[in-house]
Amino acid sequence: MTNHSRPVRISVLDTSPISEGSNARMALHSSVELAQRVDDLGYHRYWVPEHHGMQGVASAAPAVVADRIASVTRRMRVGAGGVMLPNHAPVVVAEQFGTLEAFHPGRIDLGLGRALGGPREVVDRLRSTRERTAVPFEGRVRELLALFDADNDRPAAVPAVGNRPEIWMLGSSDHTARIAGDLGLPFAAAHHLKPMSTVDAVRVYLQAFRPSVLCPRPKILISVSVIVAPNEEHAHWLAGSLRMKTACRRQGQPIRLPSPQRAAAHGYAISQHPDEPVGLFVGTPSTVLPKLEALARATGADELLVKTDVYHPDDRYSSYELLMTAASHMRPTASSPAAP
């Protein structure tokens with residue numbers, strides 16, 4: 001079969017990071033402002049995740065945040081990247097995202113994950129372990145999909161009928177990739193969490209894929225952490241904040257995102273630091289873009305979902321602006337992945 005080349009779309013993953021000296025309210029408002037600005041830059045979609053009990057992350061209610069962002073943007077797709085389905089009854093998720101699609105037709109995405117999304121002691125307040133594990137994850141996904149397809153006179157999730165968002169499967173493992181393929185759903189691989197698993201997960205997805213009405217051909221999105229600045233030194237200085245936060249989390253002492261000045265004072269503003277977050281691409285547009293192109297080629301990705309965590313909102317926007325300007329020169333990728 002002949003491979004066809006196509007341009008790679010660029011999108012945004014925003015956890016609403018809370019910086020030191022800030023709070024959840026400020027972080028959420030910053031996310032709304034960022035979404036408005038990157039909508040004008042040409043980003044394809046804007047995803048917000050579900051995290052609970054994490055002091056440095058404000059995005060805990062993706063349906064609420066997605067509605068706010070969709071209401072103040074014009075063009076981008078908006079959605080959850082993702083909803084941790086074991087934490088919720090499928091009927092509630094169907095009602096929420098059916099309602100979102102009704103308000104913002106043709107612009108809503110629903111990404112589904114099977115992780116906890118936070119510390120067990122916090123997530124247990126949402127649903128007990130028994131409730132989360134009573135039905136296998138794939139069974140919950142099938143139940144959710146059926147709620148959008150209901151054609152009887154008494155549907156369980158009324159707003160979902162006729163208002164189905166674009167549904168994605170999220171994951172970093174072969175298990176989730178296989179489910180996505182079996183169900184004929186698009187697959188979003190969490191390269192920013194487990195970069196060593198990305199190519200294998202995509203290969204499993206492609207091998208398992210069965211065309212469906214929702215997704216006639218395989219559709220692949222790769223999430224990746226990126227920090228871009230006008231010069232290498234400044235980029236690594238900005239990345240010091242994330243390095244320090246990552247190091248403290250590994251030591252069991254989670255903190256909010258520190259300032260780059262504070263991180264530099266502790267020695268985190270250098271390239272190839274031992275506490276470099278996995279899968280993080282740091283540098284100028286000319287150094288980062290080839291790495292993104294290589295990742296897209298290795299996976300056959302249709303799209304890259306970029307996560308940028310830096311201390312100041314203006315630096316975060318600048319990173320996205322520089323990246324999108326460079327991405328306009330990004331070479332197309334093939335429709336099937338290369339060998340790793």
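**Notebook: aromatic pairs, strand 8 and the largest pocket**

I looked first at the aromatic residues and found that Phe187, Tyr205 and Phe209 form one aromatic cluster. I note that the model is a predicted one.

I then looked up the aromatic pairs, of which the structure holds four. For Tyr43 and Tyr320, I read a distance of 5.5 Å between the ring centres and an angle of 90° between the planes, so I entered the pair as edge-to-face. This pair links distant parts of the chain, 277 residues apart: Tyr43 lies in the loop between helix 1 (24-41) and strand 2 (45-48), and Tyr320 lies in helix 12 (residues 313-327). I recorded both Tyr43 and Tyr320 as buried.

I also checked Arg37, whose charged end sits over the ring of Tyr317, 3.6 Å from the ring centre.

Next I turned to strand 8 (residues 280-283), where Leu280 and Val282 point one way, Phe281 and Gly283 point the other way, and all are buried. Strand 7 (residues 220-228) runs parallel to strand 8 and is joined to it by four bridges. I noted Val282 in strand 8 as the bridge partner of Ile227.

Last, I examined the largest pocket, which holds about 1200 Å³ of space. Its lining has 45 residues, and those closest to the pocket centre are His51, Met54, His192, Leu193 and Lys307. I counted the lining by class as 20 nonpolar, 18 polar and seven charged residues. Among the elements that each supply at least two lining residues are strand 3 (77-84), strand 7 and strand 9 (303-307). Helix 9 gives the most to this lining, with five residues.

Technical notes. Residues are numbered from 1 along each chain as its sequence is written. This is a predicted model: local features need pLDDT of at least 70, side-chain atom pairs count only at pLDDT 80 or more; totals for chains, interfaces and linings use all residues. Side-chain values use heavy atoms; hydrogens and water are left out. Buried means under 20% relative accessible area, exposed over 50%, partly exposed in between (1.4 Å probe, protein chains only). Two strands pair if DSSP finds at least two bridges between them. Rings of Phe, Tyr and Trp (its six-membered ring) pair if their centres lie within 6.5 Å; planes under 30 degrees apart count as stacked, over 60 as edge-to-face and the rest as tilted. A charge sits over a ring if NZ of Lys or CZ of Arg is within 6 Å of the ring centre and within 35 degrees of the ring normal. On a 1 Å grid over the protein atoms alone, a cavity is a set of points where a 1.4 Å probe fits but cannot get out, and a pocket is an open set with protein on both sides within 12 Å along at least five of seven lines; lining residues have an atom within 4 Å of a point. Grid points are joined across faces, edges and corners, and a volume is the space filled by probe spheres set on the points. Ala, Val, Leu, Ile, Met, Phe, Trp, Tyr, Cys and Pro count as nonpolar, Asp, Glu, Lys and Arg as charged, and the others, Gly among them, as polar.
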